[in-house]
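Visitor: I would like a walk through this model. Could you take my questions one at a time?

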Amino acid sequence: MPEINPFVIFFAAIFTSNMILSNFLGMCSFIAVSKEIKTSLGLGQAVTFVLTGTTVINYLIYHYLLVPFSLEYLRFIVFIITIAAFVQLVEMIVERYLPNLYYSLGIFLPLITVNCAILGVSLFMVIRSYSFVQSIAFGIGSGLGWTLAIVAMAGIRQKLKKAPIPKGLQGPGITLIITGLMALAFIGFSGIVRIQ
Amino acid sequence: MMKLKDIKNIFSMGILKDNPVFRQILGICSALAVTNLMLNSLVMGLGLIFVTSFSSLTISIIRKYTPRHIRMMVQTLIISAYVIIVDIVLKAYYPTMSEALGPYVGLIITNCIIMGRCESFAQKNPPLPSFLDGIASGMGYTLVLLTIAFFRELLGFGSIFGYTILGSWWPRWIFMIMPPGAFFMLAILIWVSNSLTSNNKENATALAGGEK
């Protein structure tokens, strides 16, 4: 689909096909971490950064290494290794040169390796056969969309601490219901841009 | 050799008491994504049972030879290898299903259930119990998928496994097929399951706290 404008992909990845709200990716850490705005923002930044980096690297590896040797079926292994290696590398670099950032992001970086949103974006990129620029736009947009959703959720959950919630619904239950409501709200965007 | 009681215990833990989705809120990404049709959920569940059981088996066999600090990487690679098998089989025999599931087959790799079982059970136990534990966890997961899919497909399309159950008089709830329906359905199921087992509440919360 080379005719789609990268900007359209970028905005669609944030709003209409948000990774959490319409593709359900990255739910585990979404539910576990969305208790405070500050930590959510930290995790969101880390995810956006890693997503952009790994999408670019995976694009290059897939199209210049796997396709020429017709090894496409190895993409799961290759992608997950790239992601793990990238996360490790980022962790080392950040620890060495930006200690402040390391202390705010540090605990989240290992979590990101198993975040399904990262692998999911790379797989979507292959399935929808995006071009290089489209992949970058898709990676950044997905990361921002993920951040937007988790920060919004953290904001709601902070207020929710004082609300009387039925016993069985406390914790994950109510979080899922709020996520559902957010997903409903985001469907309102669906007329604006569309990718599928 | 294993006793029958142990086997029973593993299964009741995996399917009911320690159900990965309800009790530990693991692996719900795919639990939500594929559950708009029962057939998709069944295939997904079978794939997961296969991957969980065999990767638990493999990891348990080599657990004494794996250096501790690289075990995560080893586990990931083993899981990816089995996921590739599932993907290739699906592509070869059920191309339409492979297309419908899209990237979610590949995402079995990052399904925390598998990693969780490998880390907490297969790492410490002999091969056969690990294998059964994998099957049990996978079945618990599949059961949840099928339950969610049952309501979503019934209310959304008026059918079950593609066979029409509710006639044309039924106003199709398109809402149930869309993403929000999945979130609400899972929340309701967690609510029901929590209320039914509220006397084990302390136990459950302790587990959830330890799991994070």
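Visitor: Is Leu101(A) buried, partly exposed or exposed?

Guide: Happy to help, and a word on the ground rules comes before the answer. This is a predicted model, in which local features need pLDDT of at least 70 and side-chain atom pairs count only at pLDDT 80 or more, while totals for chains, interfaces and linings use all residues. Residues are numbered from 1 along each chain as its sequence is written, chains are lettered from A and ligands numbered from 1 in the order in which they are written, and side-chain values use heavy atoms, with hydrogens and water left out. Buried means under 20% relative accessible area, exposed over 50% and partly exposed in between (1.4 Å probe, protein chains only), so Leu101(A), at 33%, is partly exposed.

Visitor: Which helix of chain A gives the most to the nonpolar patch?

Guide: The patch covers about 610 Å² and is made by Leu89(A), Met92(A), Ile93(A), Tyr97(A), Leu98(A) and Leu101(A). Patches take residues with over 30% relative accessible area and no salt bridge (a side-chain nitrogen of Lys or Arg within 4 Å of a carboxyl oxygen of Asp or Glu), joining nonpolar side chains (Val, Leu, Ile, Met, Phe, Trp, Tyr) within 5 Å and like charges within 9 Å; areas come from the Shrake-Rupley method with a 1.4 Å probe, and for residues only the protein chains shown count as cover. Helices are DSSP runs (H or I, at least four residues), as are strands (E, at least two), numbered from the N terminus. Leu101(A) is in H5 (residues 99–105), while the top contributor, with four residues, is H4 (residues 75–97).

Visitor: What area is buried between chain A and chain B?

Guide: Interface size is often given as the accessible area lost when the parts come together. Here that loss is summed over both parts (1.4 Å probe). Contact means heavy atoms within 4.5 Å, and 41 residues of chain A contact 38 residues of chain B. Carbon and sulfur atoms give 85% of the buried area, which is about 3300 Å².

Visitor: Which helix gives the most to the side of chain A that touches chain B?

Guide: Phe24(A), Phe76(A) and Leu176(A) lose the most area in chain A, together 21% of what that side buries. Helix H2 (27–33), H4, helix H7 (116–127) and helix H9 (172–187) of chain A each supply at least two residues. With 10 residues, the helix that gives the most is H9(A).

Visitor: How many salt bridges does the rule find across the interface of chain A and chain B?

Guide: The rule for polar contacts finds one residue pair across this interface, both at pLDDT 80 or more. A polar contact is a pair of N or O atoms within 3.5 Å; within protein, one must be able to donate a hydrogen and the other to accept it, and residues adjacent in sequence count only if both atoms are side-chain atoms. For salt bridges, the number is zero.

Visitor: What is the relative accessible area of Ser130(B)?

Guide: Ser130(B) lies in helix H8 (residues 127–157) of chain B. Leaving out residues up to four places away in sequence, Ser130(B) touches Ser56(B), Ser60(B), Phe121(B), Ala122(B) and Asn125(B). Phe121(B) and Ala122(B) are among the buried residues of H7(B). Ser130(B) is buried too, with a relative accessible area of 0%.

Technical notes
Buried area = accessible area lost by both parts, 1.4 Å probe.
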